[in-house]
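Please open the structure in your viewer and keep the sequence beside it, so that each selection can be followed in turn.

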Amino acid sequence: MLAARDVHRHFEGMRAVDGVSLDAPRGQITGLIGPNGAGKSTLLAVLAGTLPSTSGAIVFDGVDITRMPAYARARHGLVRTFQLPSEFAKLTVLENLLVAAPHHRGDSLLGALLGKRYWEDDERRLVGEARALLARFGMSAKESDYAGTMSGGQKRLIEIMRALMLRPRLLLLDEPMSGVHPKVVQEIQYYLEELRAEGLTILMVEHELHMVERLCDTVIVMAQGKVIGSGTMASLRRQREIVDAYLVG
Amino acid sequence: MNSYYAATLLVYAAVDIIACLALNLQFGLSGIVNFSFIVFQAIGAYTAAVLSMPPDTANGAYQVYVGGFQLPFPIPWLGGALAGGLLAVPVGLVVLRKLRTDYQAISLLVLSVIANSVITNARPLLNGAAGIAQVPGPFADQIDPLSQSYQLLYVGLTVPCVVLVWVVAARIANSPFGRSLRAMREHELAATALGKNPVQLKMTIFIVGGILAGLSGAILVGYIAVWAPSEWLYPETIILFAAVIVGGRANNMGAILGALLVPVGFFEVTRLIPPTIGGWVPPPNLIPASEWVSIGLLIIGFLWFRPEGVRPEARRIFDGAPVGEEP
């Protein structure tokens with residue numbers, strides 16, 4: 001589904017991502033783990049296009065997207081979330097989801113100027129879709145609240161719902177459990193398993209190793225900008241250099 | 001209040017309302033800190049002037065300027081609006097594509113200073129610091145511009161423009177396109193990651209704002225008949241920012257309220273200050289200087305105590321939303 005080949009990202013000589021090659025197979029959850037500063041989030045940003053790569057190739061569903069800008073990759077079905085909360089604070093929860101809705105007749109200057117009658121059918125349909133997602137994630141009662149007033153866990157859910165509104169084919173999740181109450185972690189885990197069952201491909205950076213073990217089909221380990229191993233969590237625990245680099249304890 | 005004064009007040013109010021609605025689209029809705037806004041109003045005014053005036057060899061050639069096409073209404077107003085939009089294209093492409101928001105603001109402020117200096121010193125272009133005078137207003141060749149009926153006519157031509165700009169601003173602000181602009185304002189990178197092209201969004205609203213600013217300049221110059229660099233120094237933009245901040249960012253009614261409270265109301269109030277206070281004659285520049293100090297204090301005061309303005313940005317609640325979630 002997603003293949004990266006010899007991808008580099010350098011910051012003035014510092015090799016944040018140093019020749020990474022990886023695959024995220026269709027319909028699976030692939031985990032990306034490693035110590036702080038390993039280059040995981042940078043790699044995720046490079047894959048999503050929010051940071052350009054210094055060199056290398058990225059192919060998504062058979063299309064070379066290496067030079068494709070981030071917004072085009074998102075429209076193509078490759079959607080990312082962020083490590084830090086990235087909600088649109090002064091938009092309501094429902095509006096946060098509607099922003100992501102593709103192919104809206106009112107989402108252009110011309111459409112806006114033509115007036116509500118021109119786009120209200122699309123709006124009605126997409127509000128329905130967004131409300132269905134809110135119901136699924138148990139956040140219907142919050143639809144009219146400003147997203148900025150939500151808790152950390154609710155903001156994570158908003159990000160995931162927002163990404164789903166775009167009907168992604170591959171979801172890049174950057175530490176979806178970080179800073180989240182344990183109860184919400186269980187919820188997120190449940191939703192991610194559901195999404196996988198529905199056939200969505202996910203590449204996930206995560207520090208919660210128990211979650212990674214339960215959720216991920218394949219796990220890739222990074223250290224100092226390089227991939228140092230990959231496989232199931234069980235097989236990784238048997239590799240001495242990986243245990244030394246990251247899995248101590 | 002005589003009818004001339006009333007007409008003057010109404011035309012100034014209309015011009016400021018159009019300008020504030022335009023700035024609100026750029027700054028309030030989209031987060032673009034356009035510190036060169038007044039340049040777009042100025043190019044609209046200059047363009048409308050040279051489109052409506054006769055060649056500079058007329059009237060004894062006491063002033064020099066390019067153009068002088070003597071075109072009938074509404075071409076000068078449309079030309080002014082078009083010029084504002086056209087100027088937004090190169091400026092936007094240079095400033096809005098790569099720079100961070102704070103650097104955008106600095107660049108646009110510098111542009112405002114440079115543009116004013118160039119026009120002031122390049123006299124053959126638009127008559128330099130003296131500016132251009134005797135700009136004919138719409139139908140000035142058919143009705144005496146000093147007559148009461150002409151004043152009414154001018155107000156009558158201006159009001160539909162305000163209504164049109166209001167409709168444009170309202171439709172943009174309340175549409176899914178406006179929602180994308182607000183999302184970009186809140187978190188540009190997240191909006192990009194959701195398929196929004198931030199450069200396209202910013203360029204679009206920058207050009208729309210430029211068109212509306214140009215129109216406001218065209219309307220103003222047709223009424224006051226003169227236009228000079230002293231009319232569009234960069235602090236003029238700060239007054240409009242004060243109006244949008246006081247009225248309420250991202251709220252069109254707030255922008256109108258701000259236009260009426262700050263550029264119109266605030267400066268009208270200072271006209272009521274008597275020339276002598278208890279026998280004391282204040283220095284000649286005290287009142288204009290105190291106006292600027294007051295504008296600065298007004299901005300700081302609102303940003304400190306009520307940053308959302310008199311009319312805050314409205315929360316959008318959709319039909320069928322769960323009850324009990326009202327603000």
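Select A:Gly31 and then A:Met204, its bridge partner in S8(A), and add A:Val219, which is the bridge partner of A:Gly31 in S9(A). Strands here are DSSP runs (E, at least two residues) and helices are DSSP runs (H or I, at least four residues), numbered from the N terminus. This is a predicted model, in which local features need pLDDT of at least 70 and side-chain atom pairs count only at pLDDT 80 or more, while totals for chains, interfaces and linings use all residues. Residues are numbered from 1 along each chain as its sequence is written, and chains are lettered from A and ligands numbered from 1 in the order in which they are written.

Widen the selection to S3(A), residues 29–33, which pairs in the parallel sense with S8(A), residues 201–205, over four bridges, and which is also joined by four bridges to the parallel strand S9(A), residues 218–223; two strands pair if DSSP finds at least two bridges between them. Which residues of S3(A) point one way and which the other way? A:Ile29, A:Gly31 and A:Ile33 point one way, A:Thr30 and A:Leu32 the other way, and all are buried (20 or more other C-beta atoms, placed from the backbone, lie within 10 Å of the residue's own).

Next, colour chain A by domain, with domain 1 at 2–87 + 168–245 and domain 2 at 90–149, bounds that come from an automatic or database domain assignment. The centres of the two domains, taken over C-alpha atoms, are separated by 28 Å.

Switch to colouring by pLDDT, the predictor's confidence in each residue from 0 to 100: chain A averages 92, and 98% of the residues score at least 70. Among the elements of chain A, H10(A), residues 240–245, has the lowest mean pLDDT, 74, and H4(A) the highest, 98.

Now show where the chains meet, a contact that takes 41 residues from chain A and 32 residues from chain B, two residues being in contact if their C-beta atoms, placed from the backbone, lie within 7 Å. On the side of chain A that touches chain B, the largest share, five residues, comes from H3(A).

Finally, select chain B, which has twelve helices and zero strands. Its C-alpha trace spans about 70 × 50 × 35 Å along its principal axes, and 46% of its 327 residues count as buried.

Methods:
A residue is buried if 20 or more other C-beta atoms lie within 10 Å of its own, exposed if 12 or fewer, and partly exposed in between; C-beta atoms are placed from the backbone.
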